Amino acid sequence: MPTIFKRIIDREIPADIVYEDELCLALRDIAPQAPTHVLVIPKKEIASIDALADEDAALVGRLWTVIRDLARQLGVAETGYRVVVNNGLDGGQTVDHLHFHLLAGRPMRWPPG
Ligand code: AMP
């Protein structure tokens with residue numbers, strides 16, 4: 001059973017896609033938790049941080065530079081932002097396809113909930 005993100009990558013269901021290249025996709029979260037809430041996902045099906053293979057290291061590095069560039073393009077790099085990756089049950093992960101939440105547009109609190 002493909003995850004919702006795999007179905008978005010395959011264009012089976014619509015999404016508000018803000019960036020795409022051969023390795024990854026960025027889309028606006030359907031239930032935004034901040035004025036800017038974008039999900040950056042690899043096209044490769046990787047379930048979570050815990051499911052990463054050593055050979056995925058370069059891909060993960062690429063995701064970070066995409067996040068850096070997107071934050072600039074979305075106009076939040078100067079004011080600041082938070083990047084969150086939930087892993088597993090206690091981490092609050094609900095979709096089993098690796099994704100980075102890029103959250104911005106309001107002050108973030110610490111510690112997180
Ligand atoms: P997580 O709880 O870390 O697994 O994050 C999953 C995120 O995916 C949540 O913030 C959801 O709001 C978001 N989400 C679920 N379905 C969709 C969708 N169809 N389009 C965009 N975002 C979605």
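This is a chat about a predicted model, covering its ligand site, one aromatic pair and a few backbone details.

Colleague: Hi! Let's start with the ligand. Which residues come nearest to the ligand?

Modeller: Hello! There are 16 residues around the ligand, and the nearest are Asp 29, Asn 86, Thr 94, His 99 and His 101. Keep in mind that this is a predicted model.

Colleague: Sure. What lies 2.5 Å from a polar side-chain atom of Asp 29?

Modeller: That would be an oxygen atom of the ligand.

Colleague: And the backbone? Which atom of the ligand is 3.2 Å from a polar backbone atom of Ile 30?

Modeller: A nitrogen atom of the ligand is at that distance from Ile 30. Val 95 also takes part through its backbone, where a polar atom is 3.0 Å from an oxygen atom of the ligand.

Colleague: How much of the ligand's accessible area does the protein cover?

Modeller: On its own the ligand has 500 Å² of accessible area, and the protein covers 83% of that. The space the ligand takes up is the second largest pocket.

Colleague: Which element gives the most residues to the shell around the ligand?

Modeller: Helix H1 does, with three residues. Both helix H1, residues 4-9, and strand E2, residues 24-28, supply at least two residues each to that shell.

Colleague: Nice. Changing topic: how many aromatic pairs does the count come to?

Modeller: The count comes to one aromatic pair. The partners are Trp 64 and Phe 100, with ring centres 5.3 Å apart; their planes meet at 85°, over the 60 degrees cut-off, so the pair is edge-to-face.

Colleague: Where in the chain do Trp 64 and Phe 100 lie?

Modeller: Trp 64 belongs to helix H2, residues 57-73, and Phe 100 to strand E5. They are 36 residues apart, so this pair links distant parts of the chain.

Colleague: Is Phe 100 buried or exposed?

Modeller: Phe 100 is buried, because its relative accessible area is 5%. Its partner Trp 64 counts as partly exposed, at 44% relative accessibility.

Colleague: While we're on H2, where does Asp 69 sit, and how far is it from Met 108?

Modeller: Asp 69 is in helix H2 as well. It is partly exposed, with a relative accessible area of 29%. From C-alpha to C-alpha, Asp 69 and Met 108 are 20 Å apart in space, and 39 residues separate them in sequence.

Colleague: Now backbone oddities. Which residues does a cis peptide bond join?

Modeller: Trp 110 and Pro 111 are joined by a cis peptide bond, with omega at about 5°. Pro 111 is in the segment after E5.

Colleague: Why is that worth pointing out?

Modeller: Because most peptide bonds are trans.

Colleague: And what about the phi of Arg 11?

Modeller: Arg 11 has a phi near 60°, a positive value in a residue other than glycine. Most residues other than glycine have a negative phi. Arg 11 is in the loop between H1 and strand E1, residues 17-20, and counts as partly exposed at 46% relative accessibility.

Colleague: Last one: where is Pro 107, and is Pro 107 buried or exposed?

Modeller: Pro 107 is in the segment after strand E5, which runs over residues 100-104. With 72% relative accessibility, over the 50% cut-off, Pro 107 counts as exposed. Its C-alpha atom is 8.4 Å from that of Gly 80, and these two residues are 27 residues apart along the chain.

Colleague: Great, thanks!

Technical notes
Residues numbered from 1 in each chain as written. Predicted model: local features only at pLDDT ≥ 70, side-chain atom pairs only at ≥ 80, totals over all residues. Heavy atoms only, no water. Helix = DSSP H or I, 4+ residues; strand = E, 2+ residues; numbered from the N terminus. Buried < 20%, exposed > 50% of the residue type's maximum accessible area, 1.4 Å probe, protein only. Phe/Tyr/Trp six-rings, centres within 6.5 Å; stacked < 30°, edge-to-face > 60°. Near = heavy atom within 4 Å. Polar contact = N/O pair within 3.5 Å; in protein donor to acceptor, adjacent residues only side chain to side chain. Areas by Shrake-Rupley, 256 points an atom, 1.4 Å probe, with all protein chains shown as cover. 1 Å grid on protein atoms, 1.4 Å probe; cavity = no way out; pocket = protein on both sides within 12 Å on 5 of 7 lines; lining within 4 Å. Sits in = over half its atoms within 2 Å of the grid points.
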